[in-house]
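Please walk through the fold below element by element, beginning with a pair of strands and ending with the chain as a whole.

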Amino acid sequence: MTKRLLILVVMIAAAASVAAQQFPSEPPAPGQPRDFRVPEAKRFTLDNGLEVAMVQWGAMPKVRVTLSLRTGNAFEGAKEVWLADLTGNLMREGTTTRTATEISKEAARMGGSLDISIGGDTTTIGGDVLSEYGASYATLVADVVRNPKFPAAELDRLKADMMRNLAVSLSQPQQLALQKFRAVLYGDHPYGRVFPTDEMIKSYTLDQIKQFYASTYGAGRSRLYVVGNFDPAAMESSIRKGFEGWTKGTPAAPERPKPASQRSVYLIDRPGAPQSTIVLGVPTIDPSNEDFVTLTVMDALLGGAFASRITRNIREDKGYTYSPYSELSTRYRDTYWAENADVTTAHTGASLKEIFAEIDRLQAQPPDEKELAGIKNYLAGTYVLQNSSRGGITAQLQYVDLHGLPADYLNTYVKRVYAVSPQQLTEMAKKYLKDDQATIVIVGDRKAIEEQVKGFGEIR
């Protein structure tokens, strides 16, 4: 070895030693988890039943005003799928005192916009504006919900838009799999009806929309959330003036779901598809159950985080898929657990095998403390980040109220996550992931995958 080469080797070794000291292979131990606390809300209820929660939060001169109503797709009839969406879309077209353009311009002058969002269990109306306009914005929200004009001239256009959106959805394998999965679990319950038909949409009339509005909108089934920087006295005065004359309406009485699942494989044929879209899952407990936070930790470890077991297995180790994930899909008094993955067609059966193997492994043996600690840190960190905004806090308040959770839920969530033990995760997997009853939906090339999935359940 020449002298120059020897010097170079020594320099490289020294640099490597310094790098090893500066960049250890093991990540540093996490610090003590901090308590997460949402500022206490000022709550009051109007005579018509509207519940109000106001939270002073943050330093930015903005405020979020959100009206949450217990109406949405869960309140539609069997032949009224997306009628709630059409009602919301027509409400965007103006009130008896303001045109749609005037509403948009008024909200824009306040530094924001006014949005209407339709969900399964709730519909929300509102948005963010500059703090100085918060009280005026609450008045605008009140006008939109109380005085919709429902212009007949816009109905055909909105129905045409809806049919185009339906066509796009039905061209996506993930949406086809979801539609079938939900139909199997819930049957004719509204939770099982994901998409309408073109014929349904064409049949909707202005009278149907007005009837849906009259029967499912009202102060007595609504909550108003105000989060951010605002003048409390001016905001309360505006809310009382804008909403006190609103009709109470009929109480929300959604049909309770009775999900059912048995081990079966439902194949939806897409000839020549290079991938198979898999949804595999079972009904489980809803957020009002005392086990739900522990179940959330179990889901994150199994498939709900990027470092989860199923993701490492079929993405990192096997290369069967790019973005698998599991979820606890939640509705009012209802939740199901499901693993979702788009896998290469040739590895459809192998992917199912590995997913079930990871469920079985967790049911048989608790994870070690180190693996669980990483999942806890992930959940606690994302929880704090998600709630570090006006929208995040509003969403959490809605979640607690919808599911009837304890008043201290938000402020104790992180502590309860960190209190979960490895043995509890195995208990959760045994108790709630009845994989011998799993519903399996696969959208893909039937000729290429049918033989692969035999043995995983009766093929339908």
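Strand 3 and strand 5 (residues 123-130) run antiparallel and are joined by eight bridges, where strands (E, at least two residues) and helices (H or I, at least four residues) are DSSP runs numbered from the N terminus, and two strands count as paired if DSSP finds at least two bridges between them. This is a predicted model, in which local features need pLDDT of at least 70 and side-chain atom pairs count only at pLDDT 80 or more, while totals for chains, interfaces and linings use all residues. Residues are numbered from 1 along each chain as its sequence is written, and side-chain values use heavy atoms, with hydrogens and water left out.

Within the first pairing, Leu-69 stands opposite Thr-123 in strand 5. Strand 3 (residues 62-69) also pairs with strand 6 (residues 222-228), again in the antiparallel sense, over seven bridges, and there Thr-66 stands opposite Tyr-225. Strand 3 is mostly covered, with seven of its eight residues buried, where buried means under 20% relative accessible area, exposed over 50%, and partly exposed in between, with a 1.4 Å probe and protein chains only.

Strand 5 also helps to cover helix 3: what covers the buried residues of that helix includes strand 5 and helix 4 (134-146). In helix 3 (residues 100-109), the buried residues are Ile-103, Glu-106 and Ala-107. Seen down the helix axis they fall within an arc of 95°, so they line one face of helix 3; the arc is that of the directions from the helix axis to the C-beta atoms. The face turned away from this buried side carries the exposed residues Lys-105 and Arg-109, and just after helix 3, Gly-111 takes a positive phi of about 90°.

Helix 5 (residues 155-169) can be read in a similar way. Its 15 residues reach 21 Å from the first C-alpha to the last, close to the 21 Å expected at 1.5 Å a residue, the expected span being 1.5 Å times one less than the number of residues. Leu-155, Leu-158, Lys-159, Met-162, Leu-166 and Ser-169 are the buried residues of helix 5, and because they fall within an arc of 100° when seen down its axis, they line one face of the helix. Asp-156 and Arg-164 are exposed on the face turned away from that buried side, whereas the cover over the buried residues includes helix 2 (83-91), helix 6 (173-186), helix 7 (198-203) and helix 8 (206-216).

Further along the chain, an open sheet of six strands has the order 9-10-8-11-7-12, with mixed pairing; its edge strands, each pairing on one side only, are strand 9 (325-331) and strand 12 (458-459). Inside this sheet, strand 8 (residues 275-284) and strand 11 (residues 439-444) pair in the antiparallel sense over five bridges, with Thr-277 opposite Val-443. Helix 12 (residues 348-364) packs on the sheet and touches strand 8, strand 10 and strand 11, where contact means heavy atoms within 4.5 Å.

Helix 12 also packs against helix 17 (residues 446-453) at an angle of about 40°, with their axes 8 Å apart; axes are lines fitted to C-alpha atoms, for helices over the stretch in contact, and angles run from 0 to 180 degrees between N-to-C directions. Thr-348, Gly-349 and Leu-352 of helix 12 meet Ile-449, Gln-452 and Val-453 of helix 17.

Taken as a whole, the chain has 17 helices and twelve strands, and buried residues make up 50% of its 460 residues.
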